[in-house]
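Got your viewer open? Load the model and get ready to click on some cysteines.

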Amino acid sequence: QVKLVESGGGSVQTGGSLRLSCATSGVTYNTANCVAWFRRAPGKEREEVASILTRTGLSYYAKSMKGRFAISQDRANKTVYLQLTDLKPDDSATYYCAAKGGASWDPCDMWSQYSTWGQGTPVTVST
């Protein structure tokens, strides 16, 4: 059974940085599994942010998220990270870690395929 636990959220000022962590269990890192980050701001639709293929570390980014965010993983500790830099108030949201139902040959940017979710970690960016 896959379990995802996010941490690292908090309150920062504009221009600040945070590193979010997603501790995974039940995700196999030597097969074609994908772990992703999404976010949802109050009153808005959920947005995809980035994803990573755990077997190789190949990363994918939603078009609007490239440049300031970086996804990475620590395979030994089965943790996926999301580094947020140059944060802006519009980045304020709850950030969620997600995994697909199992190994898949589909690329990790098939965002609708993610079915297991963590509880989220909130990020607040103030001016």
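This tour goes through the disulfides of a predicted model, one stop at a time.

**Stop 1: the count.** How many disulfides should you be looking for? The count comes to two. Try showing the cysteines as sticks before you move on.

**Stop 2: Cys-22 and Cys-97.** Select these two residues and zoom in on their sulfur atoms. They sit 2.0 Å apart and form a disulfide. Now zoom out and see where each partner lives: Cys-22 is in strand S3 (residues 18-25), while Cys-97 belongs to strand S9 (residues 93-100). The two are 75 residues apart, so this pair links distant parts of the chain. Go back to the bond itself and check the twist. The torsion about the S-S bond of Cys-22 and Cys-97 is about -75°, so this disulfide is left-handed. Buried or exposed, these two cysteines? Both Cys-22 and Cys-97 are buried.

**Stop 3: Cys-34 and Cys-108.** Next, pick this second pair. Here too you'll find a disulfide, with the sulfur atoms of Cys-34 and Cys-108 2.0 Å apart. The link is left-handed, with -75° about the S-S bond. Cys-34 lies in strand S4 (residues 34-40) and Cys-108 in the loop between S9 and strand S10 (114-117), so the bond ties together parts that are 74 residues apart in sequence. Turn on a surface and look for them: Cys-34 has 2% relative accessibility, so it counts as buried. Cys-108 is buried as well, at 1% relative accessible area.

**Stop 4: the pairing pattern.** Finally, show both bonds together. If you number the bonded cysteines in sequence order, which ones pair up? The pattern is 1-3, 2-4.

Note on methods:
Residues are numbered from 1 along each chain as its sequence is written. This is a predicted model: local features need pLDDT of at least 70, side-chain atom pairs count only at pLDDT 80 or more; totals for chains, interfaces and linings use all residues. Side-chain values use heavy atoms; hydrogens and water are left out. A disulfide is a pair of cysteine sulfur atoms within 2.5 Å. Helices (H or I, at least four residues) and strands (E, at least two) are DSSP runs, numbered from the N terminus. Buried means under 20% relative accessible area, exposed over 50%, partly exposed in between (1.4 Å probe, protein chains only).
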